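Colleague: I'm new to this one and would love a friendly tour. Could you show it to me first?

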Amino acid sequence: MHREDDIDSLREELLEMVADHLTPVALRYGYSDVPLETNIKWRPQVLVLGNYSSGKSTLINEFLGADIQSTGQAPTDDSFTVITYDDSPPPGTFVSVTEERDGKYLLNDPEFPFEMLKKHGDRFAAHFRLKKVNSPFLRNLAIIDTPGMLDSITERDRGYNYQDVIGDLAQIADLVLVLFDPHKAGTVREAHISIRDTLPARTFEDRILFVLNRVDECTSLSDLLRVYGTLCWNLSQITGRKDIPTIHLTYSPRATVSPTDGVEGDTGYLHYLENERVELKKAILQAPRRRLDNLATFVETHGERLSHFLEALINYRKESLLFRVKYALAGLFVSLLCGGATAFAISASVGIPHGSMLGTGGAVAGGSLVLWMTVLLKYFTSMWHRNRLRNLDTLTTLENQTRSDTWQAIREFVSAYLNKTRGRFPLAEVKQDYADVRAVCDKGAREIRETIHELLKVTQEKPPATRGSIFTLRPFRG
Ligand SMILES: Nc1nc2c(ncn2[C@@H]2O[C@H](COP(=O)(O)OP(=O)(O)OP(=O)(O)O)[C@@H](O)[C@H]2O)c(=O)[nH]1
Ligand SMILES: [Mg+2]
């Protein structure tokens, strides 16, 4: 209980750090339209993806200890269901759905982090819902069950962009379970796209757990090994990498009367896999601790991006100032030249008094300078501004891959801000913001990591294990 309280209070602190130090900067410079903490303030979430009929809903029911989600052999459920905890029923009450809400409610209530899914339209809203359940399994996390991935369906058939929706959900999930079953070991088209394109770009690889489910349906150990081998091969083909991620092998006893129900053959190997389900359950229950880790990553990632953003603005202003000083000096030189030339021309003409020669030369020099500073300098500065926007990539140094990744994530925001302000913004304020954000990156993030480490050490828990790498680590997209 202590441990949970500690985790909760550290989570609160992290959210405060984001709300107080990063969000005001993110909103001020157009890096984000909504407070950054909007997507991370709710409870830890576990997203369950997978082929149709791979047993997602059955496994969820298994963990919740009741038939909460409907299940069936054909593609059964075409909704995204957020299943969260309801602690109002007295302990010991039969586990059941205590409240159901529709998508419109979920998308509009600011308590939930799903506002950004509104963009997927009414068809999606009609396939989105909330269930509150009094299962103790949900005490510290929420589960999101998803419609099965299919072979034939097109985005138009679904009426919303399925890959985009799971991309958005994966981005805020602390753990993503990707389920396969022995009948379709990794071959479904939508699963292929998700694993190849959507997930790597929208979440970190250590948040993804691969699960081969329904293994009780393999007729023997060699059948299981064949299926496992096929899945490994398919995953390596999809990701283009040779290293194989950890794949949990499991099944749901509640789906079969006996482990060998309806299956001819020797399924004695199942006894050895009981442990796998326990491990998987443990991994899911680690979601709150993963959330801490993910929050720390969130602070680091957005802190680094914002500081890179502000650094780009400061560099822009430095370059712009240098350009203007150079052009002002050039203007002064040209004006003096014009004035001198005029004075010389007058002195060369006969009959014009000496005093008026100096006066006219001075007036021409002054007039040229005013013209230069008001009209020409403005014109050249705006030309310089346009050119600089075309070559934004040289605004900051991109000495390593991390800096390049960060730059790619903020480039369009920097361009939009410079375009909007036409390069005129209060430099002192930007410098102050830069110092604040750097303090969060350098000091705050380090302290957070140390606190998480201490917390896990005190509670003698290991931090969530990093799975075998299947994806290249990509930046978290805000
Ligand atoms: N033998 C066996 N059958 C299972 C297992 N898990 C699920 N099933 C059966 O497989 C069928 C599909 O299960 P669901 O849980 O509905 O699968 P799903 O992935 O939620 O399917 P969709 O929501 O349609 O994508 C059901 O008939 C389940 O009874 C399992 O571990 N072993
Ligand atoms: Mg289902």
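Colleague: Among contacts in the chain between residues at least 6 apart in sequence, what share join residues at least 24 apart?

Modeller: Welcome! This is a predicted model, in which local features need pLDDT of at least 70, side-chain atom pairs count only at pLDDT 80 or more, and totals for chains, interfaces and linings use all residues. Residues are numbered from 1 along each chain as its sequence is written, chains are lettered from A and ligands numbered from 1 in the order in which they are written, and side-chain values use heavy atoms, with hydrogens and water left out. A contact means heavy atoms within 4.5 Å. Of the contacts between residues at least 6 apart in sequence, the share joining residues at least 24 apart is 83%.

Colleague: How many helices and strands does the chain have?

Modeller: Helices (H or I, at least four residues) and strands (E, at least two) are DSSP runs, numbered from the N terminus. For this chain they come to 13 helices and 8 strands.

Colleague: What percentage of the 478 residues is buried?

Modeller: Buried means under 20% relative accessible area, exposed over 50%, and partly exposed in between, with a 1.4 Å probe and protein chains only. By that rule, the buried part of the 478 residues is 51%.

Colleague: Which elements do the buried residues of α8 pack against?

Modeller: Helix α8 covers residues 221–239, and its end C-alpha atoms are 27 Å apart, which agrees with the 27 Å expected for 19 residues at 1.5 Å a residue; the expected span is 1.5 Å times one less than the number of residues. Its buried residues include Leu224, Val227, Leu231 and Leu235. They pack against β6 (175–180), α7 (189–202), β7 (208–212), β8 (247–249) and α9 (270–285).

Colleague: Is the pair of tryptophan 42 and phenylalanine 114 stacked or edge-to-face?

Modeller: Rings of Phe, Tyr and Trp (its six-membered ring) pair if their centres lie within 6.5 Å; planes under 30 degrees apart count as stacked, over 60 as edge-to-face and the rest as tilted. The structure holds 25 such pairs. Here the ring centres are 5.8 Å apart and the planes lie at 70°, so the pair is edge-to-face.

Colleague: Which two strands does the pair of phenylalanine 180 and phenylalanine 210 bring together?

Modeller: These two rings are stacked, at 6.3 Å centre to centre with 20° between the planes. Phenylalanine 180 and phenylalanine 210 are both buried. The pair ties together parts that are 30 residues apart in sequence, because its two rings lie in strands β6 and β7.

Colleague: Which residue meets aspartate 168 in a salt bridge?

Modeller: A salt bridge is a side-chain nitrogen of Lys or Arg within 4 Å of a carboxyl oxygen of Asp or Glu, and the whole structure has 20 of them. Aspartate 168 is buried, with a relative accessible area of 5%, whereas its partner is exposed at 59%. The N to O distance is 2.9 Å, and the partner is lysine 119.

Colleague: Is leucine 329 buried or exposed?

Modeller: Leucine 329 sits in helix α10 (residues 287–348). Together with Leu321, Val325, Leu332 and Leu336 it forms a nonpolar surface patch with about 480 Å² of accessible area; areas come from the Shrake-Rupley method with a 1.4 Å probe, and for residues only the protein chains shown count as cover. Patches are made of residues with over 30% relative accessible area and no salt bridge, like charges being joined within 9 Å and nonpolar side chains (Val, Leu, Ile, Met, Phe, Trp, Tyr) within 5 Å. At 54% relative accessibility, leucine 329 counts as exposed.
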